[in-house]
Amino acid sequence: MRPNRVQIYPILLALLAALLFGASAPFGKLLLGEVEPIMLAALLYLGCGCGLLIIKAWQYLRKSPTRGEAKLMKADFPWLAGATIAGGIVAPIILLFSLGTTPAATASLLLNIEAVATTLIAALAFKEAVSRRAWWAILTITLASILLTLNIKAFWGFSIGAFGIILACVLWGIDNNLTRNISAKDPITIVTIKGLVAGTFSLILAILVGNPLPTWANVFWGMLLGSLCYGLSITLFIWAMRSLGAARTSALYGTAPLAGIAISFMLFHDEISVMFLLAVPLMVIGTIFLVYEEHSHIHVHETILHEHSHSHDDEHHEPVHGGIEIDTRSHSHTHEHDYTEHEHNHTPDTHHRHTHPSG
């Protein structure tokens, strides 16, 4: 069986996003000794938003929109507001309060629920198609993440704080699925807004609880870390999600702890644990499941009018407009798809979010 080439590029984007996000933990650890947790969260989110805002300003001055990305419309803002509130504001606050009453070992283990929550919400609430092979990939990668965060020698306990961590993971699952619904629009704009709103809120909260202001050097390094490990990472995540759907992308994002621990080995010279050696092949197997996933059946595309970045070199976008041949490079404009019934290998991308027969 050959790899599904259509999926390889977005899978690589998702893995790169996980690598960047995983790097935030060990590098953030270097700053935690000098910056309070809530203040550091504010710097990371503000760095995420400000870094991408600089890119947007540069694009505006050059009058060169990113790859012809579609602009956010009025109908998109409820989805964006819901995602920002759920994942950027409420979930981190609940997590911060919950961590104070939950043993570290329990908290680390429970944080792996996010990928599972994202998948269940995608499948049950948003009717995203999740094949048997995709389920195995998600479960395998989640199991690997559990092995990475399992510390059997640490103190364990289940308290009200543990329920709070589970709730935070569910809220991040909601965030991922709400963001999926606008993933066809410009990711840089989406992440800029989410970063600036969440960062501003966290900064106000940090000041209200009495966190001391960090030095300018720590502000710089915190925001730089946020621009790369949050801003670039989440942008890549959205690009991957528009092709793979929320469930598959979140599963691949679950490899982030692997990257974090690998970087910790290099930074802090930690010993390579047995759990790490067990988790690596499991994550590789899970990724291979998705690379070789094949999902094909006769399906219907209803008539639809929408806008997103696309090129006219695939079967869903003919290389002509009104009989006139056009540029095949990526661009964005409002266009209509006629009713179509056909069969080919596909994933829950922008054009394949249809319902699937059971069985």
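Confidence varies along this predicted model: among the elements of the chain, helix 8 (residues 187-208) has the highest mean pLDDT, at 94, while strand 4 (residues 324-325) has the lowest, at 48. For the chain as a whole, the mean pLDDT is 79, and 75% of the residues reach 70 or more. Where pLDDT is low, the predicted coordinates should not be read in detail.

With that in mind, the charged side chains make a good next stop. The count of salt bridges comes to 4. One of them joins lysine 56 and aspartate 186, with 2.7 Å from N to O. These partners lie 130 residues apart and link distant parts of the chain: lysine 56 belongs to helix 2 (residues 37-62), and aspartate 186 sits in the loop between helix 7 (160-180) and helix 8. Lysine 56 counts as partly exposed because its relative accessibility is 25%, whereas aspartate 186, at 5%, is buried.

The loop between helix 7 and helix 8 also holds lysine 185. The side chain of lysine 185 meets that of aspartate 76 in a salt bridge of 2.6 Å, N to O. Aspartate 76 is found in the loop between helix 2 and helix 3 (77-99), 109 residues away from its partner. Lysine 185 is buried, with a relative accessible area of 10%, and aspartate 76 is buried with a value of 10%.

A further salt bridge, at 2.8 Å from N to O, pairs aspartate 175 with lysine 194. Here helix 7 supplies the aspartate and helix 8 the lysine, 19 residues apart. Aspartate 175 is buried at 7% relative accessibility, and lysine 194 is buried at 13%.

Definitions and conventions. Residues are numbered from 1 along each chain as its sequence is written. This is a predicted model: local features need pLDDT of at least 70, side-chain atom pairs count only at pLDDT 80 or more; totals for chains, interfaces and linings use all residues. Side-chain values use heavy atoms; hydrogens and water are left out. pLDDT is the predictor's confidence in each residue, from 0 to 100. Helices (H or I, at least four residues) and strands (E, at least two) are DSSP runs, numbered from the N terminus. Buried means under 20% relative accessible area, exposed over 50%, partly exposed in between (1.4 Å probe, protein chains only).
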